[in-house]
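Biologist: Could you take me on a close look at a single part of this model, with the cut-offs spelled out as you go?

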Amino acid sequence: MLLAALPGCVPPAAIPGVAPPATSATLTPTAVDPARIAPDATIGQSVAATPGLSTLAAEVRAAGLGTMLDGPGPYTLFAPSDAAYARLAPGVAQDLLAPDNRATLALLLRNHAVAGEVDVAALTQRIEAGGGRATLTTLAGQPITATLTDGVVTLTSSSGEKAYVEAADIRQANGLLQVINGVLTPTLP
């Protein structure tokens, strides 16, 4: 997997104040329950408080992006679930939390966000109007290609990583959450 080969990504010696994310070897990831996400909360607040998004929450804290996700937006965050992170090579999610990897982690997380509210119905219309594909530009400045696979929105990052929308259109005070089952790795400089 490309994420394992992120240049400059070094294993943490000790990361004070940040607990390592759970791995599939330690427990089964909790599924995200959209009904438990408060619509009057910001995206950042919901990520921090939602079971099943704890790895993403730890990464947002380590990258210092909480302020952005609590900002006025609107944003759409394609939020990888804990199960998505559990599919990465062992140790990769934890290594990203190292202070030396903050810039790489911020790039990775910004690659999961787009400006504006992008709901599944509108995205599906864009895909159909685009002959089977639509391109979104992330806050990292990189494209994500959206297609449909058996009626499910499929996202492909510029590096070729795929993810499927599992829980769609979770309304937030500053945008939308779309929970996805993969990690969208950016193309690295």
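Modeller: Happy to; here is a walk around helix α7 and its surroundings. This is a predicted model, where local features need pLDDT of at least 70, side-chain atom pairs count only at pLDDT 80 or more, and totals for chains, interfaces and linings use all residues. Residues are numbered from 1 along each chain as its sequence is written, and side-chain values use heavy atoms, with hydrogens and water left out.

The protein chain has seven helices and seven strands, taken as DSSP runs (helices H or I, at least four residues; strands E, at least two) numbered from the N terminus. Helix α7 spans residues 120-129, and its buried residues are Leu 123, Thr 124 and Ile 127; buried means under 20% relative accessible area, exposed over 50%, and partly exposed in between (1.4 Å probe, protein chains only). Because these three cover an arc of only 100° around the axis, they sit on the same side of α7; the arc is that of the directions from the helix axis to the C-beta atoms. On the face turned away from that buried side you will find the exposed residues Ala 121, Gln 125, Glu 128 and Ala 129.

What does the buried side meet? The buried residues of α7 pack against β3 (134-137), β4 (143-149) and β5 (152-157), where contact means heavy atoms within 4.5 Å.

Both ends deserve a glance too. At the start of α7, a side-chain oxygen of Asp 119 comes to within 3.3 Å of the backbone nitrogen of Ala 121. Just after the helix, Gly 131 adopts a positive phi of about 70°.

Methods
Polar contact = N/O pair within 3.5 Å; in protein donor to acceptor, adjacent residues only side chain to side chain.
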